[in-house]
Amino acid sequence: MQKIIAPSLLSADFARLAEEVRAVEQAGADWIHADVMDGHFVPNITFGPLVVEAVRRVTSLPIDVHLMIENPDRYIADFAKAGANYISVQVETCPHLNRSIQLIQDSGAAAGVVLNPSTPLTALHWVLELVDYVLIMSVNPGFGGQRFIGNSLQKIAELRRMIDENGHSALIEVDGGVNEHTIADVGRAGTDVFVAGSAIFGAENYAHAIHRFRKLLGAP
């Protein structure tokens with residue numbers, strides 16, 4: 001399977017959001033990643049379904065929405081209706097995680113679950129066969145541009161083994177500190193989807209940055 005590069009809108013220039021989205025699509029991005037924050041679960045506020053709807057109007061790429069919010073069940077249908085193709089929820093905010101996964105899938109989107117750096121993989125034990133992807137946070141969520149937490153590599157590798165040994169099909173996505181210095185190790189650990197914000201939107205040339213990522217991941 002080809003590795004998936006998903007630029008994160010968190011690092012885009014919101015004064016030129018449509019232009020930024022079109023630029024990364026033309027530069028070779030595979031998905032668009034949207035971090036939704038509520039100022040409660042994480043110490044920051046970003047955007048809601050209206051922005052996702054606006055992004056949907058200017059790109060044909062899949063939109064991957066990460067809900068870093070309390071009570072995500074309340075908003076899943078709104079984000080799906082806005083055009084999200086992938087929706088993930090934090091296990092820490094979902095006391096009825098099976099229900100949240102089902103709500104996402106019933107809305108027509110692929111369902112993901114997200115683990116903070118200190119949340120153990122055992123939180124996935126009874127849901128891994130149900131989800132379409134797992135997002136491993138390799139920084140503490142809330143802000144872009146943070147340094148990659150090194151022991152995330154062991155966590156990714158252990159998750160890869162869990163998925164493969166049990167015959168599951170979930171993709172592994174990683175977000176946080178993914179850049180040209182870390183992406184090769186993150187890929188070797190077993191990652192399928194690489195979320196990068198400042199490493200792409202902070203580059204002078206988006207196409208060169210994405211091409212560099214693919215070279216480091218072993219693409220021809």
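This is a short dialogue on reading helix faces and helix packing in a predicted model.

Visitor: What should I know before I start?

Guide: Residues are numbered from 1 along each chain as its sequence is written, and side-chain values use heavy atoms, with hydrogens and water left out. As the model is predicted, local features need pLDDT of at least 70 and side-chain atom pairs count only at pLDDT 80 or more, while totals for chains, interfaces and linings use all residues.

Visitor: Which residues of helix α2 are buried?

Guide: An α-helix has 3.6 residues a turn, so residues three or four places apart point the same way. In α2 (residues 49-58; helices are DSSP runs of H or I, at least four residues, and strands runs of E, at least two, numbered from the N terminus), the buried residues are V52, V55 and V58. Buried means under 20% relative accessible area and exposed over 50%, with partly exposed in between (1.4 Å probe, protein chains only).

Visitor: Where do they lie around the axis of α2?

Guide: They fall within an arc of 120 degrees, so they line one face of the helix; the arc is taken from the directions from the helix axis to the C-beta atoms. The face turned away carries the exposed residues L50 and R57.

Visitor: What covers the buried residues of α2?

Guide: The cover includes α1 (17-26), β2 (32-37), β3 (63-68) and α3 (76-82), where contact means heavy atoms within 4.5 Å.

Visitor: Which residues of helix α8 are buried?

Guide: In α8 (residues 206-216) they are Y206, A209, I210, F213 and R214. Their arc around the axis is only 135 degrees, which puts them on the same side of α8. They pack against β1 (4-7), α1, α6 (183-188), β8 (193-196) and α7 (198-201).
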